[in-house]
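Reader: Hello! I am new to this structure and would love a close look at one part of it, the sheet in chain A. Could you start there and then walk me outward to whatever else helps me find my way?

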Amino acid sequence: MADITNSGTGGPRKSSLTESSAKIAKRKRADLILQGFGIGAILTAFTVLFILVASLVSTGYTAFVQTHVTLQVFVDPAEVAEERLPRGGFQEVLTASLLSNLPDADPESDARAVRNILSNGAQFYLRDRIVANPSLIGQTISITVPVSDPFDQLNKGNVDRATPEAQRRVNDREIGWFDALDTAGMIATPLNWGLITNADSRFPELAGLRGALVGTFWALLTCFLISFPIGIGAAIYLEEFAPKNKLSDFIEVNINNLAAVPSVVFGLLALAVFLNWFGLPRSAPFVGGLTLALMTMPTIIIATRAALKAVPPSIREAALGVGASKQQVVFGHVLPLAMPGILTGTIIGLAQALGETAPLLLIGMNAFITSAASSPFDASTALPTQIFIWADSPERGFVSRTSAAILVLLGFLVLMNGMAIYLRNKFERRW
Amino acid sequence: MNDMRLTERGVETKQIKMKARGVEVFYGDTHAIKSVDVDIEDHTVTAFIGPSGCGKSTFLRCLNRMNDTIDICRVTGDIHLDGEDIYDPRIDPVQLRAKVGMVFQKPNPFPKSIYDNVAYGPKIHGLARTKAELDEIVEKSLRRAAIWNEVKDRLDAPGTGLSGGQQQRLCIARAVATGPEVLLMDEPCSALDPIATAQVEELIDELRQSYSVVIVTHSMQQAARVSQKTAFFHLGTLVEFGETSKIFTNPEDPRTESYITGRIG
Ligand SMILES: Nc1ncnc2c1ncn2[C@@H]1O[C@H](COP(=O)(O)OP(=O)(O)OP(=O)(O)O)[C@@H](O)[C@H]1O
Ligand SMILES: [Mg+2]
């Protein structure tokens with residue numbers, strides 16, 4: 001202001017709005033710097049996120065497809081007999097079919113090597129077909145089965161054919177066989193539904209996330225059913241009914257503390273209390289859900305209290321003013337208005353729980369289990385612990401599957417957070 | 001018109017509906033109301049006037065125990081409704097508020113439909129046995145609040161979508177719907193235009209037939225137009241209380257005179 005020259009007429013000083021002064025320039029510069037910092041921060045965050053996702057996709061995408069071989073199999077009644085189906089010679093039948101396509105392989109000495117082209121689980125594909133329809137015995141059927149991990153990797157270009165034979169998991173002859181099958185048009189690389197429909201397996205080409213997904217589902221369901229009502233109940237009591245005194249302050253502070261406790265501590269607590277003291281089953285998603293509920297509860301309480309606080313007091317007064325009881329005010333007016341906020345907080349809490357690994361490891365949800373849990377009390381893994389297990393496995397196939405599983409986990413997280421944002425926007429405050 | 005009322009007042013002997021004696025209100029350490037005695041008559045409009053912050057709303061909220069909801073607020077003294085002490089521990093404040101309805105300074109409809117706004121009170125108090133009865137109460141209340149014609153075609157529309165003045169009349173309809181015996185109105189016209197104000201004033205005059213009405217207002221003219229009794233508050237004390245005509249024409253206390261002539265405010 002001081003640099004505005006007085007016109008000398010003695011009247012109020014006038015200045016043009018378009019005239020720029022040092023002060024204005026300084027203010028604009030400060031604005032620009034602040035904006036620059038903001039944009040820089042966002043760019044950094046996005047770059048990091050992009051690198052993360054890109055690296056996961058680049059290692060994980062191969063796990064979304066799986067190399068399969070389609071065989072014309074003569075179901076030899078000499079090998080596969082109806083009366084002893086469960087332990088029939090399915091492997092022999094498949095090997096015979098392969099051998100018939102590989103003229104240079106010796107049916108005796110190479111049988112074992114040829115058989116190893118197929119996944120160990122291939123025989124079960126055939127068995128399931130025959131068990132479902134025993135009349136196929138004696139016929140020639142077409143069946144598509146996964147190949148074993150080394151050949152899967154070979155097909156996906158992860159085996160460098162130039163490296164010395166001794167350092168490869170597949171030798172030159174085997175590569176020759178595989179190429180012969182490939183040129184015969186028997187090799188295909190379809191979408192790998194097994195990643196979702198199969199449970200865990202020792203063989204990477206068969207391992208899938210079904211067990212982990214089911215385990216996570218049970219755990220999150222348990223977590224939700226326990227933490228949601230208790231969390232909301234606690235929040236309503238604290239916010240609407242509890243007297244404001246030292247004790248309620250103390251409780252409030254400790255709920256905030258609880259929300260900040262590292263998850264591994266909850267895992268130790270669960271191990272000591274749920275497993276050792278209550279004697280609940282190890283590795284069970286139910287116990288996992290209980291543990292996760294301990295962690296989710298403070299989040300839900302805090303979110304619910306914030307949502308309840310955000311309901312304007314005038315609504316409560318209005319309801320009280322027409323003679324509604326406290327309980328009618330809370331359940332008839334305040335809670336419905338707070339619900340979007342509560343749900344958003346709950347979903348975010350569950351999304352956090354979805355990715356929690358440490359507490360689940362401590363209660364043994366990293367066991368090797370080859371079937372999906374049929375109840376929350378069966379031993380199971382969960383998505384994050386499955387990732388942990390696979391990340392620990394040396395096979396090449398597990399490396400890409402680890403990344404693929406992480407992508408699946410991230411997909412669920414994005415889905416849940418998206419749902420939270422959708423709910424928040426849909427029920428925007430209307431007063 | 002005023003003259004007519006004066007004569008009317010002369011012949012009627014009115015019952016005392018609410019009686020306050022030695023009421024003191026504290027917000028924590030703040031002494032907001034100091035030893036107030038007021039008699040609120042049945043079938044009468046009582047106006048509370050006074051400068052901003054003098055405690056009109058606070059005292060009004062004592063009359064239906066709305067102050068109970070403020071943690072730091074403490075009320076002492078006696079307030080009787082039809083001879084019953086409303087601060088008696090045996091009294092249920094919820095029941096009390098059904099009898100002593102309230103319209104707030106700021107319109108605060110529920111974020112629900114217009115119909116539900118009005119029907120809420122009758123529903124929770126079980127005033128209607130059938131849907132038809134409820135419909136009737138809703139229509140009657142909306143008519144009394146002079147808003148029926150504006151909303152009758154959109155009873156399902158949200159109450160929050162109305163204009164400020166319409167919202168205030170909706171709130172009046174909501175308060176009337178529960179059939180209170182006393183209606184407390186805290187500056188009900190502060191958000192209204194002159195036409196809506198006139199309608200509400202007309203309504204207040206009509207409500208007087210069945211209820212006792214207490215109204216807080218900043219408008220001297222309004223107090224003079226609608227009320228029969230006026231209470232002047234200043235700094236938490238009740239300075240003067242009496243016939244409206246007397247307060248406005250011949251106040252006893254110099255503070256009252258300064259206020260109504262615009263010197264305190
Ligand atoms: N919730 C509260 N907490 C603390 N003090 C309060 C509260 N409500 C009112 N007060 C105090 O009580 C005194 C009276 O307030 P009140 O709202 O009754 O005034 P009023 O006469 O209604 O004013 P206005 O005409 O502006 O509405 C004021 O000094 C105010 O600061
Ligand atoms: Mg007020």
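Author: In this predicted model, three strands of chain A form an open sheet, and their order is β2-β1-β3. The pairing in this sheet is antiparallel. Take the two edges next: β2 (140-146) and β3 (187-188) of chain A each have a single partner strand, so one side of each is left without a neighbour in the sheet. Strand β1 of chain A covers residues 68-74, and seven bridges join β1(A) to β2(A). These two strands run antiparallel. If you would like one pair to look for on your screen, pick Leu71(A): its bridge partner in β2(A) is Ile143(A).

From the sheet, let us move on to two helices of chain A. Helix α2 of chain A spans residues 90-101, and Ala96(A) is found there. Is Ala96(A) buried or exposed? Neither word quite fits, because its relative accessibility is 44%, and Ala96(A) counts as partly exposed. To get a feeling for distances in chain A, go from Ala96(A) to Ser325(A): they are 229 residues apart along the chain, and their C-alpha atoms are separated by 80 Å.

The other helix is α6 of chain A, residues 172-183, and Asp182(A) has its place in it. Asp182(A) has a relative accessible area of 34%, so it is partly exposed. Along the chain, Asp182(A) and Arg29(A) are 153 residues apart, and in space their C-alpha atoms are separated by 65 Å.

Some stretches of chain A also carry annotations. An unreviewed UniProt entry lists residues 32-57, 217-238, 258-280, 286-308, 329-351 and 404-423 of chain A as "transmembrane region". Two of these spans are worth setting side by side. Residues 329-351 of chain A are 100% helix and 0% strand, with end C-alpha atoms 31 Å apart. For residues 258-280 of chain A, the figures are 78% helix and 0% strand, and the end C-alpha atoms lie 24 Å apart. The unreviewed entry in UniProt also gives "domain: ABC transmembrane type-1" for residues 213-420 of chain A. That span is 78% helix and 0% strand, and its end C-alpha atoms lie 21 Å apart.

Now turn to chain B. Here UniProt, again in an unreviewed entry, lists residues 18-260 of chain B under "domain: ABC transporter". Over these residues the chain is 37% helix and 27% strand, and the end C-alpha atoms are 26 Å apart.

Three loop residues make good landmarks in chain B. The loop between β2 (30-41) and β3 (45-49) of chain B holds His43(B). The phi angle of His43(B) is near 55°, a positive value in a residue other than glycine. His43(B) counts as partly exposed because its relative accessibility is 32%. Arg65(B) lies in the loop between α2 and β4 (73-81) of chain B, and its phi is likewise positive, near 55°. Which side of the buried cut-off is Arg65(B) on? At 12% relative accessibility, Arg65(B) counts as buried, since buried means under 20%. The third landmark, Pro109(B), sits in the loop between β6 (100-103) and α4 (114-124) of chain B. Pro109(B) is buried, its relative accessible area being 5%. Pro109(B) and Ile172(B) are 63 residues apart in sequence, while their C-alpha atoms are 9.8 Å apart in space.

Let us finish at ligand 1. Which residues are the closest to ligand 1? Of the 14 residues that surround it, the closest are Ser52(B), Lys56(B), Ser57(B), Thr58(B) and His218(B). Helix α2 of chain B, residues 56-62, gives the most to this shell, with three residues. By class, the shell has five nonpolar, seven polar and two charged residues.

Several side chains place a polar atom by an oxygen atom of ligand 1. For Thr58(B) the distance is 2.4 Å, for His218(B) it is 2.7 Å, and for Glu187(B) it is 3.5 Å. On its own, ligand 1 has 630 Å² of accessible area, and the protein covers 64% of that.

Note on methods
Residues are numbered from 1 along each chain as its sequence is written. Chains are lettered from A and ligands numbered from 1 in the order in which they are written. This is a predicted model: local features need pLDDT of at least 70, side-chain atom pairs count only at pLDDT 80 or more; totals for chains, interfaces and linings use all residues. Side-chain values use heavy atoms; hydrogens and water are left out. A residue is near a molecule or strand if one of its heavy atoms lies within 4 Å of it. A polar contact is a pair of N or O atoms within 3.5 Å; within protein, one must be able to donate a hydrogen and the other to accept it, and residues adjacent in sequence count only if both atoms are side-chain atoms. Accessible areas come from the Shrake-Rupley method with a 1.4 Å probe; for residues, only the protein chains shown count as cover. Helices (H or I, at least four residues) and strands (E, at least two) are DSSP runs, numbered from the N terminus. Ala, Val, Leu, Ile, Met, Phe, Trp, Tyr, Cys and Pro count as nonpolar, Asp, Glu, Lys and Arg as charged, and the others, Gly among them, as polar. UniProt positions are given in the numbering used here, feature names are shortened, and annotations may be inferred rather than shown by experiment. Buried means under 20% relative accessible area, exposed over 50%, partly exposed in between (1.4 Å probe, protein chains only). Two strands pair if DSSP finds at least two bridges between them.
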